Amino acid sequence: MPDEKTMNLPPGVCYPWEEKKKEYAALLGDETIVKKVWEDIDQLAYIYIWFCLISS
Amino acid sequence: MSEAMEKLYQERLKRYVTAMRNEKPDRIPIRPFAAEFVAKYAGYTCQQVTHDIELAFAAVRKCAADFDWDAVVGNMVYVWTGFVDAVGLNYYLKPGIEASPDTPFQYIEPEDEPNAYMRENEYDALIADPTGFLADVWMPRVSNDVRAPGAPNSYRNNLSWLKGGMALMHYFSQFGVQNARLRAESGTVGAIAGCLKAPFDILADKLRGYRPLCMDLFSRPEKVKAACEALAPHMMFNALAGADPEKNVPISLWMHRGCAPFISPKQFETYYWPTLKQIILEIWKRGHQTLFYAEGNWDTHLNYIAELPERSIIYHVDRGDIFEAHKQLGRKFCISGGIPNELLTFGTPDEVRAYCKKVIDGVARDGGYIMDTAAIMQDDPQIENVKAMTDFTREYGVY
């Protein structure tokens, strides 16, 4: 499990795919679809956090 | 949607976009930023439009239709206190709750160090990981429900994140519905898309507070600079995330504490401008204009704003001198606003018409001007004065 305190997250990211991928024992199918959906939903969470700061 | 209404929408869109590109449309677009004013007009209280977005949206649609404005913001009461309540945010006095139902919402800015939402020794943590800092430190501090990592979890913590996220998704989806209804029902254009603030303003407004930040400018200036640089890519990302995919309407930039008397020109040059300019240039490179909603008087900084590429921004005048702004910026940028809110509150319709004429004659003859009040219309302006501003511009502002 990565040390969450040391993650330097770029814009649009709450939990990087590279870290999430390490949690899978295996990825038996299409990795790109798993990555894309993870990142799409992760970005929604990012936008939520920053919306609270910028607009609320 | 009727053909006639779509035709009207396209006329308005062309008018609005033409002016924003600093050209001459058929007549001056009318684009008031009407916040709690819509409540006053539609017969709602501030509480009703601030807490219930459906009422806010309905009030905006009524104003757009009755006043026949060219462009409006779908909901200019930018704080949804229903959302604030769901998340447990503790920095607002909410109308109908901590404030009277007829008072617009009030933001509680940190006044001093003990109350700062980001402490003076937390710059490094913010700089190292802005998103992580917001989630783990800032949110627990500004929400009564959110718990920091390591603290005992709670049902309310889980609900805060869940409800906040669900509420925001609902709000974003309803904004899309609102823009579609404005288009279909009154041919009105949604005026802006995407929201930007200068990194310095984020520090001043929501993290340190203005007064603690002023102390930081002397006691840890390198940290303030580094914090602005760390925040900048996130500000840009978020602005572009909400931007108009058609690149017609601008991203809105809300400019707060960079003007006199809040900071000196030298401080503006060193801390406020560099990262903001970088963001604006990148946004423009991607084809989006930015509406510089320059709240207060930014006249001392017009020379910096003049550095920006032609047509990259629309410059909105609040307390500054619109004639000076036009002189320094009008060749490159569309200008909007400049009609004093106090005139619409305390003046007469004749005085409003006379002032609108003065502004139109002074800055709008060659196009590149959008009619609007100087500041967002809360519940102060008299309805008859807003009508006078609108009707006069429609008649006198024909090219």
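# Close-up views of chains A and B

**View 1. Helix 4 of chain B and the residue that follows it.** Asp68(B), just after helix 4 of chain B, has a positive phi of about 65°. Helices here are DSSP runs of H or I with at least four residues, strands are runs of E with at least two, and both are numbered from the N terminus. The model is predicted, so local features need pLDDT of at least 70 and side-chain atom pairs count only at pLDDT 80 or more, while totals for chains, interfaces and linings use all residues. Residues are numbered from 1 along each chain as its sequence is written, and chains are lettered from A and ligands numbered from 1 in the order in which they are written. Helix 4 itself covers residues 53–67 of chain B, 15 residues in all. From first C-alpha to last it reaches 21 Å, close to the 21 Å expected at 1.5 Å a residue. That expected span is 1.5 Å times one less than the number of residues.

**View 2. The buried residues of helix 4 of chain B and their cover.** A residue is buried if 20 or more other C-beta atoms lie within 10 Å of its own, exposed if 12 or fewer, and partly exposed in between, with C-beta atoms placed from the backbone. Buried residues in helix 4 of chain B include Ile53(B), Phe57(B), Val60(B), Arg61(B), Cys63(B) and Phe67(B). Ala56(B), Ala59(B) and Ala64(B) are buried too. The cover over these residues includes helix 2 (37–42), helix 3 (46–51) and strand 1 (71–72) of chain B. Helix 8 (155–186) and helix 17 (383–396) of chain B also contribute.

**View 3. The open, parallel sheet of chain B.** Six strands follow the order 5-6-7-8-9-10. Two strands pair if DSSP finds at least two bridges between them. Strand 5 (195–196) and strand 10 (369–370) stand at the edges with a single partner strand each, so one side of each has no neighbour in the sheet. Strand 5 and strand 6 of chain B are parallel and share 2 bridges. Leu196(B) is opposite Leu253(B) of strand 6.

**View 4. Strands 6, 7 and 8 of chain B.** Strand 6 (residues 251–255) has 4 of its 5 residues buried, so the rest of the structure largely encloses it. Parallel to strand 6 runs strand 7, joined to it by 5 bridges. Ile251(B) is opposite Thr290(B), and Trp254(B) is opposite Tyr293(B). The chain passes from strand 6 through helix 12 (residues 265–285) to strand 7 of chain B in a right-handed β-α-β crossover. Right-handed here means that, with the strands pointing away from the viewer, the path from the first strand over the helix to the second runs clockwise. In strand 7, 5 of 5 residues are buried. Thr290(B), Phe292(B) and Ala294(B) point one way, Leu291(B) and Tyr293(B) the other. Strand 7 (residues 290–294) also runs parallel to strand 8 (residues 313–317), with 5 bridges between them. Thr290(B) has Ile313(B) as its bridge partner in strand 8, and Tyr293(B) has His316(B).

**View 5. The surroundings of Ala388(B) in helix 17 of chain B.** Ala388(B) is buried, with 22 other C-beta atoms within 10 Å. Two residues are in contact if their C-beta atoms, placed from the backbone, lie within 7 Å. Leaving out residues up to four places away in sequence, Ala388(B) touches Pro349(B), Val352(B) and Arg353(B). Val352(B) is 36 residues from Ala388(B) in sequence, and their C-alpha atoms are 6.7 Å apart.

**View 6. Backbone geometry in three loops of chain B.** Most residues other than glycine have a negative phi, and most peptide bonds are trans. The bond from Ala260(B) to Pro261(B) is cis, with omega near 5°. Pro261(B) lies in the loop between strand 6 and helix 12 of chain B. Asn22(B) has a positive phi of about 70°. Asn22(B) sits in the loop between helix 1 (3–20) and helix 2 of chain B, and is buried, with 21 other C-beta atoms within 10 Å. Arg311(B) has a positive phi near 70°. Its loop runs between helix 13 (302–305) and strand 8 of chain B. Arg311(B) counts as partly exposed, with 16 C-beta neighbours inside 10 Å.

**View 7. The interface of chains A and B.** Here 17 residues of chain A are in contact with 25 residues of chain B. The chain A side has 13 nonpolar residues, 4 polar and no charged. Nonpolar covers Ala, Val, Leu, Ile, Met, Phe, Trp, Tyr, Cys and Pro; charged covers Asp, Glu, Lys and Arg; the others, Gly among them, are polar. Chain A has 2 helices and 0 strands. Of its 56 residues, 20% count as buried. The predictor gives the complex an ipTM of 0.94 and a pTM of 0.96. Chain B averages a pLDDT of 97, and 100% of its residues score at least 70; pLDDT is the predictor's confidence in each residue, from 0 to 100.
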